[in-house]
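Colleague: I should like to learn how the features of a protein model are read. May we go through one together?

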Amino acid sequence: MSTRLPYIQAIYIAATAGAPMQSLPKAKITLTGIEGDRYANGKGAYSNTTPSKIRHLSLITESGIVIANEWLMAGDEPTFDASQTRRNIVISNMNAEDLNSLVGKTFTLGSLVLKGTELCAPCQRPAKLLNKSDFINAFEGRGGLRAEIMNVGEISVGDILSLQIKDAS
């Protein structure tokens, strides 16, 4: 694996809204999300919002988390580890701006074909669940991306993110 390519550093799920995120080395992907995750099962905190949104997968960059935490540390505020951001997939070797640019684009993550649907605007839910402060300001522009799943499959830590769509034949 080339260390220059964006890849999955971590995979997280939570069975229900507010439950702690659990780390997985690999995950089965259905057309609604990661098997066992709250949003795949319609049990997420925002599952029943109107208008409804596609919440199959959420991705965030490791570098975005690092920058947000540097911002928080500068203000003597508690930081957030990757699982505490409540995103499903952490991507290494990619900056937040490049991930944000995938809105409206189709890309692959391992064997999956995904379509970026919208940015994950930071909210205070992660901060409230952990009794910490200021997730919104720290993660502004770095909150991640929501993606629609176009095919079922499996993903694993180490899988590559690519804009090159593989031929399905």
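Modeller: The turns below take up the overall make-up, the strands, the aromatic rings and a few single residues. Please keep in mind that this is a predicted model.

Colleague: Let us begin with the whole chain. How many helices and strands does the secondary structure of the protein come to?

Modeller: The count is 4 helices and 11 strands. The protein has 169 residues, and 43% of them count as buried. About 8400 Å² is exposed, and carbon and sulfur atoms supply 52% of that area.

Colleague: What share of the contacts between residues at least 6 apart in sequence join residues at least 24 apart?

Modeller: That share is 74%.

Colleague: I turn now to the strands. In which sense do strand E7 and strand E8 pair?

Modeller: A general idea comes first: in a regular strand, side chains alternate between the two faces of the sheet. In this model, E7 (residues 106-109) and E8 (residues 112-119) pair in the antiparallel sense, over 4 bridges. Leu109 stands opposite Leu112 of E8. The hairpin of these strands has 2 residues between them, and Gly110 takes a positive phi near 60° there.

Colleague: Over how many bridges does E8 pair with strand E9?

Modeller: E8 and E9 (residues 145-149) are joined over 5 bridges, in the antiparallel sense. The bridge partner of Leu119 in E9 is Leu145.

Colleague: What is the order of the strands in the open sheet of 3 strands?

Modeller: The order is E4-E3-E10, and the pairing is antiparallel. E4 and strand E10 (153-156) stand at the edges with a single partner strand each, so one side of each is left without a neighbour in the sheet. Between E3 and E4, the antiparallel pairing runs over 2 bridges. Thr30 stands opposite Gly33 in E4.

Colleague: Where is Ile29 found, and is this residue buried or exposed?

Modeller: Ile29 is found in strand E3 (residues 26-30). Its relative accessible area is 1%, so Ile29 is buried, the cut-off for that word being under 20%. Leaving aside neighbours within four places in sequence, Ile29 is in contact with Ile34, Leu112, Ile149, Val152, Gly153 and Ile155. The C-alpha atoms of Ile29 and Asn151 are separated by 8.3 Å, while the two residues are 122 residues apart along the chain.

Colleague: Next I should like to understand aromatic rings. How many aromatic pairs does the structure hold?

Modeller: The structure holds 3 aromatic pairs. In one of them, the rings of Phe80 and Phe135 have their centres 5.0 Å apart and their planes at 80°, so this pair is edge-to-face. The pair links distant parts of the chain, 55 residues apart: Phe80 is in the loop between helix H1 (62-74) and strand E6 (89-92), and Phe135 is in helix H4 (residues 135-138). As a general matter, a pair of aromatic rings is described by the distance of the centres and the angle of the planes.

Colleague: Are Phe80 and Phe135 buried or exposed?

Modeller: Phe80 is buried, with a relative accessible area of 1%, and Phe135 is buried at 0%. Phe135 also forms a stacked pair with Phe139, at 4.2 Å centre to centre and with 20° between the planes. Phe139 is buried too, its relative accessible area being 0%. Phe80, Phe135 and Phe139 form one aromatic cluster.

Colleague: Let us finish with polar side chains. Which backbone atom does the side chain of Arg38 reach?

Modeller: The side chain of Arg38 reaches the backbone oxygen of Arg86, at 3.1 Å. Arg38 lies in the loop between strand E4 (33-34) and E5. At 5% relative accessibility, Arg38 counts as buried.

Colleague: In which strand is Thr61, and which residues does Thr61 touch?

Modeller: The place of Thr61 is in strand E5 (residues 57-61). Not counting residues up to four places away in sequence, Thr61 touches Val90, Ile91, Met94, Asn95, Ala96 and Leu99. Thr61 counts as buried, at 1% relative accessibility. A polar atom of the Thr61 side chain lies 3.0 Å from the backbone nitrogen of Gly64.

Conventions: Residues numbered from 1 in each chain as written. Predicted model: local features only at pLDDT ≥ 70, side-chain atom pairs only at ≥ 80, totals over all residues. Heavy atoms only, no water. Buried < 20%, exposed > 50% of the residue type's maximum accessible area, 1.4 Å probe, protein only. Polar contact = N/O pair within 3.5 Å; in protein donor to acceptor, adjacent residues only side chain to side chain. Contact = heavy atoms within 4.5 Å. Areas by Shrake-Rupley, 256 points an atom, 1.4 Å probe, with all protein chains shown as cover. Phe/Tyr/Trp six-rings, centres within 6.5 Å; stacked < 30°, edge-to-face > 60°. Pairing = 2+ DSSP bridges.
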